[in-house]
Amino acid sequence: MVATITNFTRLPIQDRLSIAGLLYAMLDLYRSDKIFQQYDDLDAQSLFVKLGISERLINEFLRPTLLVGLFKPPEELSAAVTMELLYYYALAHQDSFDVRWIKSKSIAEHLFAPLSRRLISRHHLQVLGGTLVKRVTMSSDSQRVSSVELKNVATQTVQVIDDVDAVVLAVGVKGLKALMAQSPELSKAAPELVSAASLGAIDVVSARLWLDRYVPIAYPANVFSRFESLKGAGGTFFMLDQLHQDAQQALWGDEQPQGSVVASDFYNASAIAAMSDQEIIDRLTHDLLPIAHPEFTNARVVDSEVRRYPGSVSLFSPGSFRKRPPLETSVESIVCAGDWVRMGDKEHGAKALCQERAYVCGLEAGNSLIRRKIVNGADHSHPVLPIRADEPQVVLGRALNKLVMDPIEALGLKLPWFNS
Ligand SMILES: Cc1cc2nc3c(=O)[nH]c(=O)nc-3n(C[C@H](O)[C@H](O)[C@H](O)COP(=O)(O)OP(=O)(O)OC[C@H]3O[C@@H](n4cnc5c(N)ncnc54)[C@H](O)[C@@H]3O)c2cc1C
């Protein structure tokens with residue numbers, strides 16, 4: 001609150017102070033696995049209300065923050081993951097978080113293509129682009145993977161890989177759902193994957209606008225908060241021309257720059273995804289952006305792009321934690337990787353919807369296969385850098401809380417928000 005005192009100027013101080021109870025709950029979150037589970041079973045909105053957070057702070061600060069941080073409103077989110085997000089991004093690491101946008105082309109072209117070229121040339125990796133895993137078949141004793149069936153999306157060609165040492169399932173819930181539906185033997189051998197496949201996912205829409213004039217908006221990164229026309233979605237917009245002042249031409253695909261380039265993402269966006277591209281662009285240019293700056297009304301859209309990503313983002317709903325896929329599954333040679341994976345004793349400090357978490361989990365998945373000698377990778381396990389340590393007041397607060405709360409709970413008393 002102190003660090004952002006100048007940012008939320010419209011929120012009265014008494015509303016801001018009402019968040020204090022949540023700070024206590026954050027200290028309580030990791031007291032034990034059981035307590036974490038209880039917070040996970042609660043939805044964030046109920047927790048906020050029970051903690052006495054003011055309606056205004058919930059609606060004007062927490063709700064829009066969650067819509068862009070976890071892509072859902074608080075009533076649809078696990079209170080545990082909500083607190084993880086707020087602690088990780090807003091409290092502990094505010095100064096390590098920055099906005100970066102690729103200037104030109106895409107992340108696939110800039111990051112993944114060179115990485116995959118390097119792995120192909122140095123480590124003989126075979127990359128099958130545009131190909132989905134359709135089915136995983138198990139050996140007769142259900143202990144090993146006997147084959148993996150793949151399908152090229154464009155050509156519909158099917159390919160089978162036999163002699164599989166290990167499988168890293170680095171798919172989201174949508175992918176896992178499709179895979180489990182086609183893999184009855186795997187479903188039987190690893191029921192936890194069936195459970196994970198039953199979780200929900202979130203629709204995302206992203207739009208990019210190239211305008212015929214520069215709009216001098218105060219901040220390059222912005223959150224849309226509480227707009228009727230968002231139809232329940234969360235939204236952000238980024239002024240790419242401001243973030244990349246030195247690369248205007250690249251933003252315009254090497255053509256003559258004409259004005260601002262705006263990238264906007266909508267989360268929890270099922271209703272927006274159902275609109276036509278033109279309707280989405282009109283909504284942005286006529287309803288949403290002009291509220292941030294009236295000059296948007298006069299700007300003409302020179303070019304635009306709208307993309308839809310149905311069911312592409314993990315939904316951390318109340319009670320979802322126990323269903324999320326584990327790093328190591330019941331089948332020894334199958335591991336999971338991704339932002340929604342529970343890492344057990346390898347759990348990392350990067351939380352929630354986060355590339356760092358997905359990346360670390362991928363490293364841990366590989367390390368696990370090497371450590372258990374399922375694949376031959378002696379000395380090739382990859383170090384994982386921890387996030388920086390919690391600040392002393394957090395460590396002390398957690399220790400004191402445990403000291404006080406464990407004996408109280410042993411007497412059968414509960415924190416009021418756990419009483420339904
Ligand atoms: C609009 C938006 C903005 C975001 N901003 C940020 C940010 O600023 N910082 C940040 O850290 N995180 C951000 N995130 C979150 C981040 O993108 C995710 O946390 C991260 O991508 C999760 O990685 P993952 O590997 O778990 O899953 P994914 O990235 O979803 O990867 C899963 C992959 O599996 C593939 N797949 C599915 N089914 C199959 C199959 N059968 N066979 C083969 N492949 C399959 C999919 O095509 C997909 O490529 C953002 C997300 C969105 C949507």
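**Reading strands, core, domains and ligand shell**

Author: A good place to begin is M138, which stands opposite V145 in β2; please keep in mind throughout that this is a predicted model.

Reader: In what sense do β1 and β2 pair, and over how many bridges?

Author: The general idea first: in a regular strand the side chains alternate between the two faces of the sheet. In this structure, β1 and strand β2, residues 145-152, pair in the antiparallel sense, and seven bridges hold the pairing. The two strands form a hairpin that leaves six residues between them, and S142, in the turn, has a positive phi of about 60°.

Reader: Which strand is joined to β2 by five bridges?

Author: That is strand β3, residues 158-162, which runs antiparallel to β2, with E149 standing opposite V160 in β3. Here too there is a hairpin, with five residues between β2 and β3.

Reader: Where does Q156 lie, and is Q156 buried or exposed?

Author: Q156 lies in the loop between β2 and β3, and although it is not a glycine, it has a positive phi of about 65°. Q156 counts as exposed because it has 7 C-beta neighbours inside 10 Å, and the cut-off for an exposed residue is 12 or fewer. A comparable reading applies to K373, found in the loop between α16 and α17, which is not a glycine and has a positive phi of about 55°; K373 is exposed, with 9 other C-beta atoms within 10 Å.

Reader: Which residues of the largest nonpolar core touch the most other members?

Author: As a general matter, in soluble globular proteins, nonpolar side chains tend to be buried together. The largest nonpolar core here has 88 residues, and those touching the most other members are L70, M83, L176, V205 and Y267. To follow one of them, set aside the neighbours of L176 within four places in sequence, and L176 is then in contact with L169, V171, L193, A196 and A197.

Reader: Which residues of helix α2 are buried, and against what do they pack?

Author: An α-helix has 3.6 residues a turn, so residues three or four places apart point the same way. In α2, residues 20-28, the buried residues are L22, A25, M26, L27 and D28. The buried residues of α2 pack against α3 (33-41), α4 (44-50), α6 (79-92) and α17 (392-410).

Reader: How many residues of domain 1 are in contact with domain 3?

Author: It helps to begin with the division of the protein, which gives domain 1 (13-97 + 389-418), domain 2 (130-200 + 316-371) and domain 3 (204-310). The C-alpha centres of domain 1 and domain 3 lie 33 Å apart, and seven residues of domain 1 are in contact with seven residues of domain 3. On the side of domain 1 that touches domain 3, four residues are nonpolar, one is polar and two are charged.

Reader: How many residues surround the ligand, and which helices and strands each supply at least two of the shell?

Author: The ligand is surrounded by 20 residues, the closest being V133, G175, G338, Q355 and A358. By class, the shell holds eleven nonpolar, six polar and three charged residues. At least two residues come from each of β1 (131-138), α8 (173-182), β5 (201-211), β9 (301-314) and α16 (355-371), while domain 2 and domain 3 each contribute at least three residues to the shell.

Methods: Residues numbered from 1 in each chain as written. Predicted model: local features only at pLDDT ≥ 70, side-chain atom pairs only at ≥ 80, totals over all residues. Near = placed C-beta within 6 Å. Helix = DSSP H or I, 4+ residues; strand = E, 2+ residues; numbered from the N terminus. Nonpolar A, V, L, I, M, F, W, Y, C, P; charged D, E, K, R; others polar. Domains from an automatic or database assignment. Pairing = 2+ DSSP bridges. Core = buried A, V, L, I, M, F, W, Y, C linked by C-beta atoms within 7 Å. Buried ≥ 20, exposed ≤ 12 C-beta atoms within 10 Å, placed from the backbone. Contact = placed C-beta atoms within 7 Å.
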